[in-house]
Amino acid sequence: MTDVLRDEARADVLSVQGLTVTVRDKTLVADVDLTVGPGERVGLIGESGSGKSLTALSIIGLLPEDVHAAGSVRLAGVSHELLGADERQMSRVRGSSLAMVFQEPMTALNPTMRVGDQVAEAMLIHHTVSGRRAGRVAAAELLDRVGLPGTSRSYPHQLSGGQRQRVVVALALANDPALLICDEPTTALDVTVQAMILDLIMKGVAARSSALLFITHDLAVVATVCQRVLVMYGGRVVESGPVAEIFTNPRHRYTQGLLAASDLESAEGRLPTIPGNVPAAGQFPSGCVFRTRCSFATDTCASSPPWEGTADHGFACHHPAPSLEPAHA
Ligand SMILES: Nc1ncnc2c1ncn2[C@@H]1O[C@H](COP(=O)(O)OP(=O)(O)OP(=O)(O)O)[C@@H](O)[C@H]1O
């Protein structure tokens, strides 16, 4: 591989710099820097009103009219700035390189259109398939893969909340986005289906090597899903780092409070286990040996860490979000 190709392989999928969001003379998000690497899963946490959703909406270009964003948002493979891009440019990026799953599935679905047609249309618009017939077949296959066989001809109101969110995940993944943003994707759902939707998102991004920016207020979900986390407070990022590091050694008073109020251990049973965590593409050079520590200090893990694996084959830790660190310089 040439140096140029290697640099491109390592380049961040998303790079946000100095993002500031204002409404009239009020600053709602201040000077946020944020990057997501190829295949990386990054969490954005913080209390209600801390600016998480406005950050996501700035990236995807869906801020309300009276709200303004300044700074820089760049996406790999897109030659122009996303901030300030016109609607034509943004609709080319949205749904193809960049996709988003919102909290409430009905807001993302067209209530008057069969779900199969919605998925097919998303693929046709971005030329992932050509021709209505191929679109219909591809949509049915994708709905099948997200656990909704035979639902192509259903309307959204004929599906349960969990099934609707599966359709939204299918829509978001339909064009293999480089980056998937999820904003509280399980908050509106029944507890019993939350784990299934998380599992679906995890498997969906892993299969496509998509990067993930995951917004939540649930620390246990972050521990399951993310490798790195940024903590927002009052519109600013107050700390960031690998999940295991932030969760074991939180520096900011707000993060310390969040952790004290949460019960990560009890969350284990309700969250999916992710078999064979694999490092993100390009996270370590091929062949590099690394060690991992599980973020859950349970008997199973305490008996065998650190595991060793290779960047090619990953390793099998059945606990979520282990930290990855190169064993050899
Ligand atoms: N259109 C708007 N006009 C004025 N203020 C707004 C607007 N949208 C959001 N805000 C304010 O900006 C701040 C950040 O909102 P944001 O929705 O990003 O928070 P959040 O961290 O996502 O919270 P939550 O977890 O409750 O969704 C809040 O104080 C909110 O009231």
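Is the crossing in which α5 passes α6 right-handed or left-handed? It is right-handed, and this pair of helices is a good place to start a walk through the model, which is a predicted one.

Helix α5 covers residues 115–125 and helix α6 covers residues 132–145. Their axes lie 8 Å apart, and the two helices pack at an angle of about 115 degrees. Angles from 65 to 115 degrees count as roughly perpendicular, and α5 and α6 are therefore described as roughly perpendicular to each other. If you would like to find the contact on screen, look on the α5 side for V115, G116, V119, A120, M123 and L124. Their partners in α6 are G135, R136, A138, A139, A140, L142 and L143.

Let us stay with α5 for a moment. This helix is mostly covered, with eight of its 11 residues buried. Those eight are V115, G116, Q118, V119, A120, A122, M123 and L124, and the buried residues of α5 pack against both α6 and α7. After the helix comes H127, which has a positive phi, near 60 degrees.

V119 deserves a closer look. Leaving aside residues up to four places away in sequence, V119 touches A139, L142 and L143, as well as A170, L171 and A174. V119 also belongs to the largest nonpolar core, a group of 79 residues. Within that core, V119, V169, A170 and L179 are the residues that touch the most other members. Which helix gives the most to this core? That is α7, residues 161–173, with seven residues. Both domain 1 (1–97 + 177–272) and domain 2 (109–172) give residues to the core, so the core lies between the two domains.

From here, α7 leads us on to helix α8, residues 191–208. The axes of α7 and α8 come within 10 Å and cross at roughly 10 degrees, which makes the two helices roughly parallel. Their crossing is right-handed. On the α7 side, the contact is made by G162, Q165, R166, V169 and L173. The α8 side brings in V193, M196, I197, L200, I201, G204 and R208. V169 will be familiar by now, as one of the residues that touch the most other members of the core.

Now step back to the loop between α6 and α7, where you will find H157. Is H157 buried or exposed? H157 has 10 C-beta neighbours inside 10 Å, so it counts as exposed. Although H157 and R114 are 43 residues apart along the chain, their C-alpha atoms are separated by 9.8 Å.

For a contrast with that loop residue, turn to helix α2, residues 52–60. Eight of its nine residues are buried, so α2 is largely enclosed by the rest of the structure. The buried ones are K52, L54, T55, A56, L57, S58, I59 and I60. The residue that follows α2 is G61, and its phi is positive, near 75 degrees.

Finally, a view of the whole chain. It has 329 residues, of which 42% count as buried, and it contains 13 helices and 12 strands. Among contacts with a separation of 6 or more, 68% are between residues 24 or more positions apart.

Key:
Residues numbered from 1 in each chain as written. Predicted model: local features only at pLDDT ≥ 70, side-chain atom pairs only at ≥ 80, totals over all residues. Core = buried A, V, L, I, M, F, W, Y, C linked by C-beta atoms within 7 Å. Buried ≥ 20, exposed ≤ 12 C-beta atoms within 10 Å, placed from the backbone. Helix = DSSP H or I, 4+ residues; strand = E, 2+ residues; numbered from the N terminus. Domains from an automatic or database assignment. Contact = placed C-beta atoms within 7 Å. Axes fitted to C-alpha atoms, helices over the stretch in contact; angles between N-to-C directions. Parallel < 35°, antiparallel > 145°, perpendicular 65-115°, else oblique. Left-handed = near helix turned anticlockwise from the far one by under 90°.
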